Amino acid sequence: MQSSDYTSGSSGIILDLKNKKLEAYSGFKLKAYKNGTDFIEFNADTSSSYPLNITNKFKVSWNGTLYATGADISGKINATSGKFSGEIESTSGKIGGWTITGDGLSNGSVHLYSSGTIEGVNISSSSINSAS
């Protein structure tokens, strides 16, 4: 096939058989169903909020915002905020000014062990003071 074997226009699609390429222009939407309810949708219409949508469980907006339901993500995640429910597990890092260690939390002079032991603090019936 020659490179001229394609259909084109300013809206719709370009189908380039030689280079095995399908390009969508403004107003074009492609929706493919796995079964009666699961689908993947590519939408080149800028009035659509999500140019990529997979069964409303995984969506990407035009500005790059990712929405995912039931995601199992591994690797490094960089975020400016977040909400968690359930269990969070870590053996290193920081939280609220405390350093996460393999066996608890530490702020330099005080160590809270996961066993319940506190080191570096004197506790009496009338006060709590640093042990140093």
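**Strands, turns and one salt bridge**

Visitor: Where does Asn56 lie?
Guide: Strands here are DSSP runs of E with at least two residues, helices are runs of H or I with at least four, and both are numbered from the N terminus. On that numbering, Asn56 lies in the loop between E6 and E7.

Visitor: Before we go on, what kind of model are we looking at?
Guide: Local features need pLDDT of at least 70 and side-chain atom pairs count only at pLDDT 80 or more, while totals for chains, interfaces and linings use all residues. Residues are numbered from 1 along each chain as its sequence is written, side-chain values use heavy atoms, with hydrogens and water left out, and the structure is a predicted model.

Visitor: Is Asn56 buried, partly exposed or exposed?
Guide: Buried means under 20% relative accessible area, exposed means over 50%, and partly exposed is in between, using a 1.4 Å probe and protein chains only. Asn56 has a relative accessibility of 49%, so Asn56 counts as partly exposed.

Visitor: What is the phi of Asn56?
Guide: Most residues other than glycine have a negative phi. Asn56 is a residue other than glycine with a positive value, near 60 degrees.

Visitor: Which residue in E7 is the bridge partner of Leu52?
Guide: Two strands pair if DSSP finds at least two bridges between them. Strand E6 (residues 52–54) and strand E7 (residues 58–60) pair in the antiparallel sense over three bridges. In E7, Leu52 is matched with Val60.

Visitor: Which strands stand at the edges of the sheet that holds E6 and E7?
Guide: That open sheet has five strands in the order E4-E5-E6-E7-E8, with antiparallel pairing. Two strands each have a single partner, so one side of each is left without a neighbour in the sheet: E4 (29–33) and E8 (66–68).

Visitor: By how many degrees are neighbouring strands of this sheet turned against each other on average?
Guide: Axes are lines fitted to C-alpha atoms (for helices over the stretch in contact), and angles run from 0 to 180 degrees between N-to-C directions. For this sheet the average is taken with direction ignored, and comes to 5 degrees.

Visitor: Which residue forms a salt bridge with Lys31?
Guide: A salt bridge is a side-chain nitrogen of Lys or Arg within 4 Å of a carboxyl oxygen of Asp or Glu, and a search of the whole structure finds one. Its closest N and O atoms are 3.9 Å apart, and the partner of Lys31 is Glu41. The pair links distant parts of the chain, 10 residues apart: Lys31 is in strand E4, and strand E5 (residues 39–43) holds Glu41.

Visitor: Is Glu41 buried or exposed?
Guide: Its partner Lys31 counts as partly exposed, at 36% relative accessibility. Glu41 has a relative accessible area of 9%, so Glu41 is buried.

Visitor: Which residues is Glu41 in contact with, leaving aside neighbours within four places in sequence?
Guide: Contact means heavy atoms within 4.5 Å. By that rule Glu41 touches Lys29, Leu30, Lys31, Pro51, Leu52 and Asn53.

Visitor: Which side chains of strand E2 are buried?
Guide: In a regular strand the side chains alternate between the two faces of the sheet. Along E2 (residues 13–16), Ile13 and Leu15 point to one face and are not buried. Pointing to the other face, and buried, are Ile14 and Asp16.

Visitor: Which residue in E3 stands opposite Asp16?
Guide: E2 and strand E3 (residues 21–24) run antiparallel and are joined by four bridges. Opposite Asp16 stands Lys21.

Visitor: Which residue in the turn of this hairpin has a positive phi?
Guide: E2 and E3 form a hairpin with four residues between them. The residue in question counts as exposed, at 78% relative accessibility. Its phi is about 55 degrees although it is not a glycine, and its name is Lys20.

Visitor: Where does Gly97 lie, and is it buried or exposed?
Guide: Gly97 lies in the loop between strand E9 (93–95) and strand E10 (98–101). Its relative accessibility is 66%, so Gly97 counts as exposed.

Visitor: How many strands does the chain have?
Guide: Buried residues make up 14% of the 132 residues in the chain. The secondary structure comes to zero helices and, for strands, 15.
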